[in-house]
Amino acid sequence: MITLLDYGAGNVRSVINAIEHLGGSVRVAERAEDIASAENLVFPGVGAFGSMMERLHAAGFVAPLKAYLQSGRPFLGICLGMQALFNASDESPGIPGLGLFNGTVRRFATGLAVPHMGWNNIRIRQASPLFAGLRGDEKFYFVHSYHVTADNPEEILTTTDYDYSFVSAVQRGAIVATQYHPEKSGAAGLQLLRNFLAAGTAPVCPPCPEGPTRLAKRIIACLDVRANDQNDLVVTKGDRYDVREAGAVRNLGQPVALARAYYEDGADEITFLNITGFRDFPLEDMPMLAVLKETSRRVFVPLTIGGGIRDYTDVHGRHHDALAVAAEYFRSGADKISIGSDAVDIAETYLQRGRATGDSAIEQISRVYGSQAVVISIDPRRVYVATPDEVPHHVLQTAIPGPRGERYCWYQCTVKGGREGRPIDAVTLARVCQQLGAGEILLNCIDRDGTRDGFDIELIDAVKKAVRIPVIASSGAGSAAHFLEVFTRTGTEAALAAGIFHRRELSIQEVKGFLADKVEIRR
Ligand code: 1PR
């Protein structure tokens, strides 16, 4: 029986699912006594350091947690649950941590994208029961903007490189804590968790690859989901966002089965887009939540869900805010939520007022769940202009001339699945959303969607250069060479595709096989 410390801020469902998948049973600690009586405690922290400590204090968890940590019983801290063990964090100055390990939590000081998000290796510095059955060259899933600095080198279990070397796990006796997420790290992560659950495994120290560890470029499978005309929830796929063929919604398969198949084929993440979320309120669209719950029981890589994250008043006059919708998605197993149409409204309001309101969905959700959990999905369309000063937008010089030979274009943001254009460009939207606390950009392109013509390199390069958060290139993948092109011609951290995978024209393993000796990927 594993006791799981939940202070109510995030996706603990993924950890529960992974432990249950391995045959363990989980009791969620609701009272201080549950911590005191625990035999084996897992602490999957999420969100911001300060609000985590406040919530731990408010729940009366701090004293029993400290007592537990002194008791010699097994403990696994994950991500913020590792940072909590240190003295303090730059993220929340003046708020003490649990102080079990001496050291501070620092923000990444790098010119690379922050958060450090994706699959990276670990360099094992000492033997641990956690590593039984691992080869040593596996990649694990990280998502964090802060990392610990540990004063005592003997307690450093692993390090990882992201521009520079940082401590990615610590160990003291039966206490271990990892910055990476074993519950989201596929087979390698499950093995690590299995070792933790099987207390008493002998310590091992697998050999590690030479040289610095490297963050992999991510390959993401995207499932656009909606109800078809028979009211079954199906995976569909549009051509330039038109998902109907001969009048009917294309049906390319079942969401849970396809997600599981892509996980087994090596997808680094799965994204679900509830594409009619702008008109069907998600909390009344229970099948989508059921899909998410079912998928998160069977898929152990990060899950993102988008569609319908906005304030809403239901038919009974009850008001639901975007934070409540996101909370329901997180409770159902999402690791990240993605906001589309509402992000455009939010950015327009920001630009009109010249300041943040503090209560937008982006700000609220990132405050509670952390910026790494907030993705902005942009649906832009290319608009040609004859001269750069014709519009008050971010205009690019293009190598693909327009119908009248135009040499310039801008990318107009749209809402409601491309149905409505707005007077804001994709570069500005990305910048504003980053400013408001978004942690990642999912950059679609209506002109390329479903075409197999390749990613829109000009768009992706312009947005990537404008922000410091990771960018996912999306729309237009038609071959493995298109993935190589987007990774070599832009700084994008991830590439997403739908149609080629759904139609089985190319498997994820084939894409990765092609990329393997050219860019860093997870095998
Ligand atoms: O506006 O917050 O409710 O979110 C709705 C979400 O649904 C947005 O993220 C929006 O991108 C998405 N969406 C809405 N309508 C459609 C549609 O297709 N009619 N899908 C839609 C967007 C784009 C990608 C697609 C890539 C790769 N689909 O998700 O998977 O273009 O496709 P490809 O590899 O086949 O080219 P809100």
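**Exercise 1. Placing the annotated residues**

In which loop, between which strand and which helix, is the place of His 181? Work this out in the predicted model, and then compare the surroundings of His 181 with those of Cys 79.

*Solution.* Step one is to locate the residue along the chain: His 181 sits in the loop that runs between strand 13 (175–178) and helix 6 (186–197). Step two is to ask what the record says, and here UniProt, in an unreviewed entry, places the feature "active site" at Cys 79, His 181 and Glu 183. These positions are spread over 105 residues of sequence, yet they cluster in space, since the largest C-alpha distance is 11.1 Å.

Step three turns to Cys 79, which belongs to strand 4 (residues 75–79). Leaving aside residues up to four places away in sequence, Cys 79 touches Pro 44, Gly 45, Val 46, His 144, Gln 179 and His 181. With the same kind of neighbour left out, His 181 touches Ile 78, Cys 79, Tyr 141 and Gly 189.

Step four settles whether the two residues are buried or exposed, for which the cut-off is needed: a residue is buried if 20 or more other C-beta atoms lie within 10 Å of its own. Cys 79 counts as buried because it has 26 C-beta neighbours inside 10 Å, and His 181 counts as buried because it has 25.

**Exercise 2. Describing the whole protein**

Decide whether the protein is as compact as a globular protein of its length, and describe its secondary structure and its division into domains.

*Solution.* Begin with the secondary structure, which comes to 16 helices and 30 strands. The radius of gyration is 23 Å, and the globule rule gives 24 Å for 523 residues; the two values are close, so the protein is as compact as a globular protein of that length. Along the principal axes, the C-alpha trace spans about 75 × 55 × 45 Å.

Next, consider how the chain is packed: buried residues make up 54% of the 523 residues. Among contacts between residues at least 6 apart in sequence, 72% join residues at least 24 apart.

Finally, the protein is divided into domain 1 (2–197) and domain 2, which is made of two segments, 218–376 and 418–515. The centres of domain 1 and domain 2, taken over C-alpha atoms, are separated by 28 Å. Their contact takes 23 residues from domain 1 and 23 residues from domain 2. On the side of domain 1 that touches domain 2, the elements giving two or more residues are helix 1 (13–21), strand 7 (116–121), strand 9 (139–144) and helix 6. Helix 1 provides the largest share of that side, namely four residues. By residue type, the side of domain 1 that touches domain 2 divides into twelve nonpolar, eight polar and three charged residues.

**Exercise 3. Examining the shell around the ligand**

How many residues surround the ligand, and which are the closest?

*Solution.* The count is 32 residues, and the closest are Gly 340, Ser 341, Ser 377, Gly 417 and Gly 499. To see which elements contribute, note that strand 14 (218–227), strand 22 (336–339) and helix 10 (341–353) each supply at least two residues of the shell. Sorted by type, the shell holds eleven nonpolar, 16 polar and five charged residues.

**Exercise 4. Reading the unusual backbone angles**

Which residues does a cis peptide bond join, and where do Asn 231 and Tyr 241 lie?

*Solution.* As a point of reference, most residues other than glycine have a negative phi, and most peptide bonds are trans. In this model a cis peptide bond joins Val 114 and Pro 115, with omega at about 5°, and Pro 115 is found in the loop between strand 6 (103–107) and strand 7.

Asn 231 has a positive phi of about 70° although it is not a glycine, and its position is in the loop between strand 14 and strand 15 (233–236). Asn 231 is exposed because just 7 other C-beta atoms lie within 10 Å, where the cut-off for exposed is 12 or fewer.

Tyr 241, also not a glycine, has a positive phi of about 75°, and lies in the loop between strand 15 and strand 16 (244–245). With 20 C-beta neighbours inside 10 Å, Tyr 241 counts as buried.

Key: Residues are numbered from 1 along each chain as its sequence is written. This is a predicted model: local features need pLDDT of at least 70, side-chain atom pairs count only at pLDDT 80 or more; totals for chains, interfaces and linings use all residues. UniProt positions are given in the numbering used here, feature names are shortened, and annotations may be inferred rather than shown by experiment. Two residues are in contact if their C-beta atoms, placed from the backbone, lie within 7 Å. A residue is near a molecule or strand if its C-beta atom, placed from the backbone, lies within 6 Å of it. Ala, Val, Leu, Ile, Met, Phe, Trp, Tyr, Cys and Pro count as nonpolar, Asp, Glu, Lys and Arg as charged, and the others, Gly among them, as polar. The radius of gyration is taken over C-alpha atoms; the globule rule is 2.2 Å times the number of residues to the power 0.38. Domain bounds come from an automatic or database domain assignment.
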